[in-house]
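This briefing goes through one structure by topic. The sequence and the coordinates come first, and the notes follow.

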Amino acid sequence: MLLNICVCPGDGIGPEVTAEAVRVLDAVAQLHDHHFSYDVRPIGGAAIDETTRPLPPSTLEACLASDAVLLGAVGSPRYDHLPAGQRPESGLLALRGALGAFANLRPAVAHRSLVGSSPLRPEVVAGSDVLVVRELLGGIYFGEPRGIEGAGQNAEAFDTCRYSTASIERIAHVAFRAARGRRRLVTSVDKANVLATSRLWRTVVSRVALDYPDVELEHQYVDACAMLLVTDPTRFDVILTENLFGDILSDQSAAITGSLGMLGSASIGGRVGIFEPVHGSAPSIAGQGVANPIGAIASAAMLLRHVGLETEADDVESAIVSVLETGYRTADVAAGSLPVTTSTMGHRIAEAVAEVADMRHPYHAV
Ligand code: IPM
Ligand code: MG
């Protein structure tokens, strides 16, 4: 398969972790005779430095012309003084909007070998496997009007949370379809006791659920869900929620896996998907070679699955598990053991891709 991947490393640890994801993709390409080409483009703070804009038109054009976007992270305190629309984060939001990426899938799995690395008790996290389905193009992230009026003591700020029926319907379908390939439970999360958008959310999701009689639907308030995610995470299968709640709950679900560095994600819905780790740019550890590249590598696996390379995606995911089971850990999940660097972890997973593919071979000698 020929695949043209637009790589947007972005800021902070973004370049380090995407380099390892590309290393793993190269191992996959070599093994299966695929040809992956990479068009590397700036986004976020890196793009502001180069062009003064967080999403330069040339980056957007390259993303639109690609088969998939592999993204690192955006953001740095260096740009905190800039007005909202000119900050690194607005580049990512604009890219999601331009690509029509309304569905953000964020799986959080408690790998057996990492249950001791979670800040939660092993018996609480063991067996957890949650998929957060986050609506990515609506809600308070994009609603208008927004702004700050007045100044000093009189300053007043406002944001608008807005959801259309159609935008709730399409993300609900994504969640129900995902649940069919899993344990068939959708937990729809809202704040329907307070917010109008949540009341519409609940009504529309309940209606969509009628198309999926084989999937169970429950509704939960976001505050209760936040509590249950850390006290009883195994009770969840698919969490379906709006943009801001999904942003918060997906970071929280990382506690199950041991570290935010473990989570990959797929932002899909349009012709071109964005595959991005859930973690941010982590400026305090950038450039030190200590970041966990597994979130980026897991995102690359989601990219492969999305373009139809199922076996290849499975191999990358198995390679991650196998390397963790051999005891390799970056600092964030080391829990007392000696950590390896970002690039050692990337190299090991790239090598393991060939090993797990070999195990799959029918003539594998046992
Ligand atoms: C995420 C991030 C982004 C978001 C930021 C960087 C705009 O936190 O992908 O979760 O809020 O969506
Ligand atoms: Mg976030």
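Which backbone oxygen lies 3.0 Å from a polar atom of the side chain of T241? The oxygen belongs to V189. The model is a predicted one, and the points below cover T241, the strands beside it, the ligand site and some backbone details.

**T241 and its surroundings**

- T241 is part of strand β10, which covers residues 238-241.
- The relative accessible area of T241 is 0%, and the limit for a buried residue is under 20%, so T241 counts as buried.
- The side chain of T241 has a polar atom 3.0 Å from the backbone oxygen of V189.
- Neighbours within four places in sequence aside, the contacts of T241 are V133, R134, E135, V189, W201 and G246.
- V189 therefore appears both in the polar pair with the T241 side chain and in the contact list of T241, where a contact requires heavy atoms within 4.5 Å.

**Strand β5 and its partners**

- Strand β5 spans residues 129-135, and 6 of its 7 residues are buried, so the strand is largely enclosed by the rest of the structure.
- Strand β4 (residues 103-109) runs antiparallel to β5, and the two are joined by 7 bridges.
- Within this pairing, L105 has V133 of β5 as its bridge partner; V133 is also one of the residues in contact with T241.
- With β10, β5 pairs in the parallel sense, over 4 bridges.
- R134 is placed opposite T241 of β10, and R134 is also among the contacts of T241.

**Ligand 1**

- Around ligand 1 are the residues E89, R96, R106, R134, Y141 and D247.
- By class, this shell holds 5 charged residues, 1 nonpolar residue and no polar ones.
- R134 has a side-chain N or O atom 2.8 Å from an oxygen atom of ligand 1.
- For Y141, the distance from a side-chain N or O atom to an oxygen atom of the ligand is 2.5 Å.
- D247 places a polar side-chain atom 2.9 Å from an oxygen atom of ligand 1.
- On its own, ligand 1 has 320 Å² of accessible area, of which the protein covers 80%.
- R134 links two of these topics: it stands opposite T241 in β10, and its side chain has an N or O atom 2.8 Å from a ligand oxygen.

**Loops and backbone geometry**

- R121 sits in the loop between β4 and α5 (122-125).
- The relative accessibility of R121 is 54%, and because exposed means over 50%, R121 counts as exposed.
- From C-alpha to C-alpha, R121 and S58 are 47 Å apart in space, with a separation of 63 residues in sequence.
- The peptide bond from E144 to P145 is cis, its omega being near 0 degrees; P145 lies in the loop between β5 and β6 (147-149).
- T52 is not a glycine, yet its phi is positive, at about 75 degrees.
- T52 belongs to the loop between α2 (45-51) and α3 (57-65) and is exposed, with a relative accessible area of 62%.
- R184, likewise a residue other than glycine, has a positive phi near 65 degrees.
- The loop that holds R184 runs between α6 (165-180) and β8 (185-190), and R184 is partly exposed there, at a relative accessible area of 36%.

Note on methods: Residues are numbered from 1 along each chain as its sequence is written. Chains are lettered from A and ligands numbered from 1 in the order in which they are written. This is a predicted model: local features need pLDDT of at least 70, side-chain atom pairs count only at pLDDT 80 or more; totals for chains, interfaces and linings use all residues. Side-chain values use heavy atoms; hydrogens and water are left out. Buried means under 20% relative accessible area, exposed over 50%, partly exposed in between (1.4 Å probe, protein chains only). A polar contact is a pair of N or O atoms within 3.5 Å; within protein, one must be able to donate a hydrogen and the other to accept it, and residues adjacent in sequence count only if both atoms are side-chain atoms. A residue is near a molecule or strand if one of its heavy atoms lies within 4 Å of it. Accessible areas come from the Shrake-Rupley method with a 1.4 Å probe; for residues, only the protein chains shown count as cover. Ala, Val, Leu, Ile, Met, Phe, Trp, Tyr, Cys and Pro count as nonpolar, Asp, Glu, Lys and Arg as charged, and the others, Gly among them, as polar. Two strands pair if DSSP finds at least two bridges between them.
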